[in-house]
Amino acid sequence: MMKSLMIAGMGGFVGTAFRFAISRYIQIHTPTVFPWGTFIVNILGSLLTGFVFGLTGKGEWLSPEFRIFLTVGICGGFTTFSALTDDAFLLLQSREWLRFIMYASLSFTLGLVAVYIGRMTIKLV
């Protein structure tokens, strides 16, 4: 258990650092109220999650430890629902109703589509 916790924690550090860097870069270079940084990170993270779980479903491509590192660690640190809901709350607080609806519905729908694409892409390989 302790080994798995350390593996997940190391992956979480990597994922969190990537999320911060990518989200911040996008938000700085996209001057808008819409939270593009978190939105894009969540979609990319969903795609990566689909790839990883797709590989896991193909047999022994990934060791259990490496799967924990990638899914729980990197993907878990990279995509955070808490960041999504905080951005959604800020849109609501600003009375940006249309942007809130777009952000919430597109994040969920495109996240599902990205997971599906990731899984299907790996299935074809």
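**Figure 1. Helix α3 and its buried residues.** The buried residues of α3 are I68, L70, T71, G73, I74, C75, G77 and F78, shown here in a predicted model. These buried residues pack against α1 and α2. Helix α3 covers residues 64-78. With its 15 residues, α3 reaches 20 Å from its first C-alpha to its last, close to the 21 Å expected at 1.5 Å a residue.

**Figure 2. The whole chain, for orientation.** Let us step back for a moment before the next close-up. The chain holds five helices and zero strands, and reading along the sequence gives the pattern α-α-α-α-α. Its C-alpha trace spans about 50 × 35 × 25 Å along the principal axes. Of the 125 residues in the chain, 33% are buried. Among contacts with a separation of 6 or more, 71% are accounted for by residues 24 or more positions apart.

**Figure 3. S23 in helix α1.** Helix α1 runs over residues 2-29, and S23 lies in it. Is S23 buried or exposed? S23 counts as buried because its relative accessibility is 15%, and the cut-off for buried is under 20%. Leaving aside neighbours within four places in sequence, the contacts of S23 are G37, T38 and V41.

**Figure 4. Helix α5 and what covers it.** Helix α5, residues 97-124, has 28 residues. From its first C-alpha to its last it reaches 40 Å, close to the 40 Å expected at 1.5 Å a residue. Here Y103, S107, G111, A114, G118 and I122 are buried. Which helices help to cover the buried residues of α5? The cover includes α2 (36-57) and α4 (81-93).

**Figure 5. G111, a buried glycine of α5.** G111 is found in helix α5 and, at 8% relative accessibility, counts as buried. Its contacts, leaving aside neighbours within four places in sequence, are I43, S46 and L106. A useful pair to pick out in this view is G111 and L44: they are 67 residues apart in sequence, yet 8.2 Å apart in space, C-alpha to C-alpha.

**Figure 6. G118, further along α5.** Helix α5 is also the place of G118. Why does G118 count as buried? The reason is its relative accessibility of 0%, set against a cut-off of under 20%. G118 is in contact with L47, G50 and F51, when neighbours within four places in sequence are left aside. For G118 and F51, the separation in sequence is 67 residues, while the C-alpha to C-alpha distance is 4.4 Å.

**Figure 7. The largest nonpolar core.** In soluble globular proteins, nonpolar side chains tend to be buried together. The largest nonpolar core in this model has eight residues in all: F34, F39, I43, L84, A88, L91, Y103 and A114. Helices α2, α4 and α5 are the elements that give two or more residues to this core. The largest share, three residues, comes from α4. One core member worth a look is L84, which touches T38, N42, Y103 and S107, not counting residues up to four places away in sequence.

**Figure 8. The largest pocket and its lining.** Rolling a probe the size of a water molecule over the atoms shows where empty space is left. The largest pocket has a volume of about 240 Å³. Its lining is made of 15 residues, and those nearest the centre of the pocket are N42, G45, S46, T49 and T79. Which helix supplies the largest share of the lining? That helix is α2, with five residues. At least two lining residues come from each of α2, α3, α4 and α5. What is the make-up of the lining by class? There are six nonpolar and nine polar residues, and no charged ones.

**Figure 9. R95 in the loop between α4 and α5.** Our last view turns to a loop. R95 is found between α4 and α5. Most residues other than glycine have a negative phi, and most peptide bonds are trans. R95 has a positive phi of about 60° although it is not a glycine. Buried or exposed, how does R95 count? At 61% relative accessibility, R95 counts as exposed, since the cut-off for exposed is over 50%.

Notes. Residues are numbered from 1 along each chain as its sequence is written. This is a predicted model: local features need pLDDT of at least 70, side-chain atom pairs count only at pLDDT 80 or more; totals for chains, interfaces and linings use all residues. Side-chain values use heavy atoms; hydrogens and water are left out. Helices (H or I, at least four residues) and strands (E, at least two) are DSSP runs, numbered from the N terminus. Buried means under 20% relative accessible area, exposed over 50%, partly exposed in between (1.4 Å probe, protein chains only). Contact means heavy atoms within 4.5 Å. The expected span of a helix is 1.5 Å times one less than its number of residues. On a 1 Å grid over the protein atoms alone, a cavity is a set of points where a 1.4 Å probe fits but cannot get out, and a pocket is an open set with protein on both sides within 12 Å along at least five of seven lines; lining residues have an atom within 4 Å of a point. Grid points are joined across faces, edges and corners, and a volume is the space filled by probe spheres set on the points. Ala, Val, Leu, Ile, Met, Phe, Trp, Tyr, Cys and Pro count as nonpolar, Asp, Glu, Lys and Arg as charged, and the others, Gly among them, as polar. A nonpolar core is a set of buried Ala, Val, Leu, Ile, Met, Phe, Trp, Tyr and Cys residues joined through side-chain atoms within 4.5 Å.
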